[in-house]
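Subject: Handing over the structure

Hi,

Here is the structure I promised to pass on to you. Have a look at it first, and then read on for what turned up in it.

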Amino acid sequence: MLWRDDNNNNIISSVDISATWNRIIMPPPESLCQIIDASFDPSLLVLSNGQIWHMNDSTRGLFALSSTQTTSISTHLSFLTSSHVTLTWNEVTLPGSFHHGKKMLNGVVVTTNNNGGENTTTTTPVKINIVRMTAAPETCHEECYFCLYLKEIETAPSRVSSTTPSTRASLEEEWGRLSITSKETAADGTILKLVLDASFHALFVINEKGIIQLVNEKSCEVFGWSRSEFLGSNIHIIMPADVAPRHDQYLQNYLK
């Protein structure tokens, strides 16, 4: 359907209006927003065109943005190869450059602040974990979108990972066998797994009784247990001895 002006010229089609409207109002998946918001590190969701879809408070602080500002990722973050060549967002997000939907690279966050009428520029080197996710039509108007975790290089732990290649392969096999809860579709579950595993921190998903439903690879590395050992156990197994016996009650008090 087309609207025409007085001179019988085409103005805009209803398809164009619908696409524009959906692009403006469609929110990101709530489950992903909750993970992003709970992350210790700057974390964000970015659409395929580079527009930031959702970011947590740590990201706004790193990018020096107000709580209401939205912007493009390329305005704040430069992506670098191992030889320090700058990559564009389109180059970073080429489908063939991801391994099992994930990739890691370095970058630099650039912020400009106005101090007494004088602009000062600050650069912060970061490590970046990126997850590429195929979007379901009811979830996003883009073909795909991306989750980014940022970690300032100066504050990153300088310890060697204890996860051997054989252990990592075992973890990935267990991760692939993870069951999806009845409230999730298979696509949602796969996305959650990818996003959790890309985090620099140990992350758990528990139910209202404290039973571990999902656990990421970093948790296995930090605590030295496999995913199969974690899954189905109560989260209090990682608590200090003086807290563990009371943790179930703490959880119930929180949920009231």
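F223 is a good place to start: this residue is found in helix α7, which covers residues 217-223. Please keep in mind throughout that the model is a predicted one. With a relative accessible area of 32%, F223 is partly exposed. Together with V222, W225 and I237, F223 forms a nonpolar patch on the surface, and the accessible area of the four together is about 310 Å².

Helix α7 also holds a salt bridge, between E221 and K218, whose closest N and O atoms are 3.3 Å apart. Both residues lie in α7, three residues apart, or about one turn of the helix. The two partners differ in exposure: E221 counts as buried because its relative accessibility is 14%, under the 20% cut-off, whereas K218, with a relative accessible area of 23%, is partly exposed.

Now the wider view. The protein has 256 residues, of which 38% count as buried. Nine helices and 11 strands make up its list of secondary structure elements. About 14900 Å² is exposed, and carbon and sulfur atoms supply 53% of that area. Among contacts with a separation of 6 or more, 47% are between residues 24 or more positions apart.

How many salt bridges are there in total? The count comes to three. As a reminder, side chains of opposite charge can pair when their charged atoms come close. Besides the pair in α7, there is one between K151 and D41, with the closest N and O atoms 3.7 Å apart. This pair links distant parts of the chain, 110 residues apart: K151 sits in strand β9 (residues 144-152), and D41 in the loop between α2 and β3 (43-47). Both K151 and D41 are buried.

The remaining one joins R227 to D197, and here the closest N and O atoms are 2.5 Å apart. R227 belongs to helix α8 (residues 227-230) and D197 to helix α6 (residues 186-197), so this pair, too, links distant parts of the chain, with the two positions 30 residues apart. R227 is buried, with a relative accessible area of 0%, and D197 is buried as well, at 12%.Next, the interior. The largest nonpolar core has 22 residues, and I73, F79 and L148 are those with the most contacts inside it. Each of β3, β4 (52-55), α3, β5, α4, β7, β8 (118-134) and β9 supplies at least two residues of this core. The largest share, four residues, comes from β9.

What is F79 in contact with, once its neighbours within four places in sequence are left aside? The list runs to I73, V85, T86, L87, W89, V92, L105, N106, G107, I128, I130 and L148. Apart from the core around these residues lies another core, of 21 residues, including L32, Y145, I191 and L196.

L32 brings us to helix α2 (residues 30-38), where L32, C33, I35 and I36 are buried. These four lie on the same side of α2, because they cover an arc of only 160° around the axis. The face turned away from that buried side carries the exposed residues E30 and A38.

Finally, two backbone details you may want to look at. Most residues other than glycine have a negative phi. A64, however, has a phi near 55°, a positive value in a residue other than glycine. A64 lies in the loop between α3 (57-63) and β5 (77-80), and counts as partly exposed at 38% relative accessibility. H100 also has a positive phi, of about 55°, although it is not a glycine. The loop that holds H100 is the one between α4 (89-92) and β7 (102-115). At 58% relative accessibility, H100 counts as exposed, because that value is over 50%.

Happy to talk any of this through whenever it suits you.

Best wishes

Methods
Residues numbered from 1 in each chain as written. Predicted model: local features only at pLDDT ≥ 70, side-chain atom pairs only at ≥ 80, totals over all residues. Heavy atoms only, no water. Patch = residues over 30% accessible without salt bridge, like charges linked within 9 Å, V, L, I, M, F, W, Y side chains within 5 Å. Areas by Shrake-Rupley, 256 points an atom, 1.4 Å probe, with all protein chains shown as cover. Salt bridge = Lys/Arg side-chain N within 4 Å of Asp/Glu carboxyl O. Buried < 20%, exposed > 50% of the residue type's maximum accessible area, 1.4 Å probe, protein only. Arc of directions from axis to C-beta. Core = buried A, V, L, I, M, F, W, Y, C linked by side-chain atoms within 4.5 Å. Contact = heavy atoms within 4.5 Å.
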